[in-house]
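Thank you all for coming to this short talk. Please look at the structure on the screen while I go through it, and we will take it one part at a time.

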Amino acid sequence: EIQKNNISFGVAAVFILCSINPLIQSFSRVVLMETIGSFLVVLSFTLSRKDKHVRGSLYIWLILLILSLFMNLQFFVGVFLFYLKNIYQKNENFKNVLVTLVVLIFFVFAWGERNENYVGYWDFNPISGCYLEKNIIESTEAFKLGTTITEIRESGHTYKLLEDATIKNQATTPEVCKKFLDIIPNYYFENTSYIFSTYKVFINNFASPTQACQYKSVICESGYWFWIIGTISNYIFGISLLILFIKKKTYIYDIAVYGVILLLIIALVTVDSPRMRVVFQPIYFLVIGVGLSQIFNFLKNFTSKNKSKFKK
């Protein structure tokens, strides 16, 4: 069937790898913000391709930028960087770019004003403090105390840092989130070495061929099959990435955008590396597919030339 429809070797290989990769199947069962964010980034990557022309693309870009704006920072940055690529490659009409920027600015200030009236202070994203508490403070305190994030969360240890006995454990009101946002700068300064240690753990788990589980109550699957598929995929990815930088330079910008997203995730998350892998699965397998296609085409051409020489 693959030969019949002239599907490339790389595409076929990616479908096979995806179908037997347990990491993808595990997290496809859980609805996550990362899943939605990944979709927005992938769609923006697709629209930004030079050969991709879609009717009504201005409205699609507006929807993508606005939706990602109300999500975590890393997703908005990814979509926005692909939008810049779209402007550059397609010589986007200045009027369309201006309209997009004006609409974005309007939504930022409109939401900030709404929060000032509803919460009592101007803040574009009033829950950002709770996001940082869950991802930075909890993981750092768990690392310092040699315990798990689940135990830290159940004990309410991080909420005691607010020094307000009236705040209930795991309260996520805008007022509480702002208190966490206020203490983050000093907390970061006082715990820099611990925080950078959690970054190191995150990177190690992120690159691990096995699934490094953070929350056993949600999903924690392991086994030799994970290690085999993960190791094979990582080696193929490394080789394919090298080939892309040599043979297919058109993808360098796209890979760089995902690199920026990874840096932001490392800085803002520091935990749940298996969950964060969901964001990078599309570019991961795109690199593998393009790399394997290049290898296959090279071997095919090399074999054809040798056959021609042999016949002569």
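Let me begin with a question: at 0% relative accessibility, does Glu138 count as buried or exposed? Glu138 counts as buried, because its relative accessibility of 0% falls under the 20% limit for that word. Before I say what Glu138 pairs with, I should make clear that what you see is a predicted model, and that every value in this talk is computed from it.

Let me give the overall picture. The protein has 14 helices and 0 strands, so please keep in mind that every element in the run from the N terminus on is an α element. Of the 312 residues in the protein, 41% are buried. The protein exposes about 18,000 Å², and carbon and sulfur atoms supply 65% of that area. If we take the contacts between residues at least 6 apart in sequence, 69% of them join residues at least 24 apart.

Now back to Glu138 and to charged pairs.

Side chains of opposite charge can pair when their charged atoms come close. A search of the whole structure finds 5 salt bridges, and I will show some of them. Glu138 forms a salt bridge with Arg153, with the closest N and O atoms 2.5 Å apart. Because Arg153 lies in helix H8, residues 149-155, while Glu138 lies in helix H7, this pair ties together parts that are 15 residues apart in sequence. Unlike the buried Glu138, Arg153 counts as partly exposed, at 24% relative accessibility.

A further salt bridge joins the side chains of Lys134 and Glu133, at 2.9 Å from N to O, and here Lys134 and Glu133 are both buried. In helix H10 we find Lys178 and Asp182, which sit 4 residues apart, about one turn of the helix, and whose side chains meet in a salt bridge at 3.4 Å, N to O. Lys178 is partly exposed, with a relative accessible area of 28%, and Asp182 also counts as partly exposed, at 46%.

Let us turn to a covalent link.

How many disulfides does the count come to? The count comes to 1 disulfide, and it joins Cys130 to Cys177, with an S to S distance of 2.0 Å. This pair links distant parts of the chain, since Cys130 is in helix H7, residues 128-145, and Cys177 is in helix H10, residues 174-190, 47 residues apart. The torsion about the S-S bond is about -95°, and therefore the disulfide of Cys130 and Cys177 is left-handed. Cys130 is buried, with a relative accessible area of 6%, and Cys177 counts as buried too, at 1%.

While we are in helix H7, please find Ser139, which has its place there. Ser139 is buried, at a relative accessible area of 6%, and, leaving aside neighbours within four places in sequence, Ser139 is in contact with Ile149, Thr198, Thr270 and Val271.

Next, the nonpolar interior.

In soluble globular proteins, nonpolar side chains tend to be buried together. In this model the largest nonpolar core has 52 residues, and among these Ile261 and Ile265 touch the most other members. Helix H13, residues 252-268, gives the most to this core, with 7 residues. Not counting residues up to four places away in sequence, Ile261 touches Val41, Gln74, Gly78, Val279 and Phe280. There is also a second, separate core of 7 residues, which includes Tyr284, Phe285, Ile288 and Leu292.

Another residue worth pointing to is Val79, found in helix H5, residues 73-90, and buried, with a relative accessible area of 0%. Val79 and Ser44 are 35 residues apart in sequence, and their C-alpha atoms are 5.7 Å apart in space. If we leave aside neighbours within four places in sequence, the residues in contact with Val79 include Leu40, Trp61, Leu64 and Ser68.

Let me finish at the surface.

Which residues make the nonpolar surface patch of about 380 Å²? The patch is made by Leu101, Ile105, Phe109 and Trp122. Phe109 lies in helix H6, residues 94-118, and at 48% relative accessibility Phe109 counts as partly exposed.

Note on methods. Residues are numbered from 1 along each chain as its sequence is written. This is a predicted model: local features need pLDDT of at least 70, side-chain atom pairs count only at pLDDT 80 or more; totals for chains, interfaces and linings use all residues. Side-chain values use heavy atoms; hydrogens and water are left out. Patches are made of residues with over 30% relative accessible area and no salt bridge: like charges are joined within 9 Å, nonpolar side chains (Val, Leu, Ile, Met, Phe, Trp, Tyr) within 5 Å. Accessible areas come from the Shrake-Rupley method with a 1.4 Å probe; for residues, only the protein chains shown count as cover. A salt bridge is a side-chain nitrogen of Lys or Arg within 4 Å of a carboxyl oxygen of Asp or Glu. Helices (H or I, at least four residues) and strands (E, at least two) are DSSP runs, numbered from the N terminus. Buried means under 20% relative accessible area, exposed over 50%, partly exposed in between (1.4 Å probe, protein chains only). A disulfide is a pair of cysteine sulfur atoms within 2.5 Å. A nonpolar core is a set of buried Ala, Val, Leu, Ile, Met, Phe, Trp, Tyr and Cys residues joined through side-chain atoms within 4.5 Å. Contact means heavy atoms within 4.5 Å.
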